[in-house]
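Work through the exercises below with the sequence and the model in view. Try each task before reading its solution.

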Amino acid sequence: MSNLYFWIIGIIITIIIIGIQYILTSWENKYLGGILPLLYLCFMVLDYYRQPDSIFRSVMAMLAGLYVLLDIWKSGRSAIKNKKELEI
């Protein structure tokens, strides 16, 4: 039961982080969208040094998370660019 609890909490936290990333990338300041990928990278490096069980697992988790966060950042910047072009 406790393992299921941690999975549910993890999914909820992931959804919240993705929502925050989407909100930050939709603002005019382009650097706000870089906050969460940078924090995620720092957290994953610290997590690996805290529990160095598998470098492959750590690197894959780091790359997957960064890919998602940076893709959201890129799509947010593209949406703002398209919005500005439509206004002109």
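**Exercise 1.** Which helices are included in what covers the buried residues of α2? Find also which residues of α2 are buried.

*Solution.* Step 1: note that the model is a predicted one. Step 2: take α2, which runs from 35 to 50, and pick out residues under 20% relative accessible area, the cut-off for buried. Leu36, Pro37, Met44 and Asp47 qualify as buried. Step 3: these buried residues cover an arc of only 95° around the axis, which means that they sit on the same side of α2. Step 4: turn to the other side of α2, where Leu38, Leu39, Leu46, Tyr49 and Arg50 are exposed. Step 5: look at what lies over the buried residues of α2; the cover includes α1 and α3.

A rule helps here: an α-helix has 3.6 residues a turn, so residues three or four places apart point the same way.

**Exercise 2.** Check the end-to-end span of each helix against the value expected at 1.5 Å a residue.

*Solution.* The expected span is 1.5 Å times one less than the number of residues.

Step 1: α2 has 16 residues and should span 22 Å; its end C-alpha atoms are 22 Å apart, so the two values agree. Step 2: α3 has 33 residues and an expected span of 48 Å; the distance between its end C-alpha atoms is 48 Å, which agrees. Step 3: for the 24 residues of α1, the expected value is 34 Å, and the distance from first to last C-alpha is 35 Å, close to it.

**Exercise 3.** Is Ser58 buried or exposed, and which residues does Ser58 touch beyond four places away in sequence?

*Solution.* Step 1: locate Ser58 in helix α3. Step 2: its relative accessible area is 4%, so Ser58 is buried. Step 3: leaving out residues up to four places away in sequence, Ser58 touches Met44 and Tyr48. One of these, Met44, is itself among the buried residues of α2. Step 4: list other buried residues of α3, including Met62, Gly65, Leu66, Leu69, Ile72, Gly76 and Ile80. The cover over the buried residues of α3 includes α1 and α2.

Step 5: do the matching check for α1. Gln21, Leu24 and Thr25 are buried there, and the buried residues of α1 pack against α2 and α3.

**Exercise 4.** Classify Phe6 and Gln51 by accessibility, and compare sequence separation with distance in space for each.

*Solution.* Step 1: Phe6 lies in α1; a relative accessible area of 59% is over the 50% cut-off, so Phe6 is exposed. Step 2: Phe6 and Asn29 are 23 residues apart in sequence, and their C-alpha atoms are 35 Å apart. Step 3: Gln51 is in the loop between α2 and α3; its relative accessibility is 41%, so Gln51 counts as partly exposed. Step 4: from Gln51 to Ile88 there are 37 residues along the chain and 52 Å between C-alpha atoms.

**Exercise 5.** Describe the lining of the largest pocket by helix and by class.

*Solution.* Step 1: the largest pocket holds about 370 Å³ of space. Step 2: its lining has 13 residues, with Ile13, Thr14, Ile17, Tyr40 and Phe43 nearest the centre. Step 3: α1, α2 and α3 each give at least two lining residues, and α1 gives the most, with 5. Step 4: sorted by class, the lining has 8 nonpolar, 3 polar and 2 charged residues.

Terms used:
Residues numbered from 1 in each chain as written. Predicted model: local features only at pLDDT ≥ 70, side-chain atom pairs only at ≥ 80, totals over all residues. Heavy atoms only, no water. 1 Å grid on protein atoms, 1.4 Å probe; cavity = no way out; pocket = protein on both sides within 12 Å on 5 of 7 lines; lining within 4 Å. Points joined across faces, edges and corners; volume = space filled by probe spheres on them. Helix = DSSP H or I, 4+ residues; strand = E, 2+ residues; numbered from the N terminus. Nonpolar A, V, L, I, M, F, W, Y, C, P; charged D, E, K, R; others polar. Buried < 20%, exposed > 50% of the residue type's maximum accessible area, 1.4 Å probe, protein only. Arc of directions from axis to C-beta. Contact = heavy atoms within 4.5 Å.
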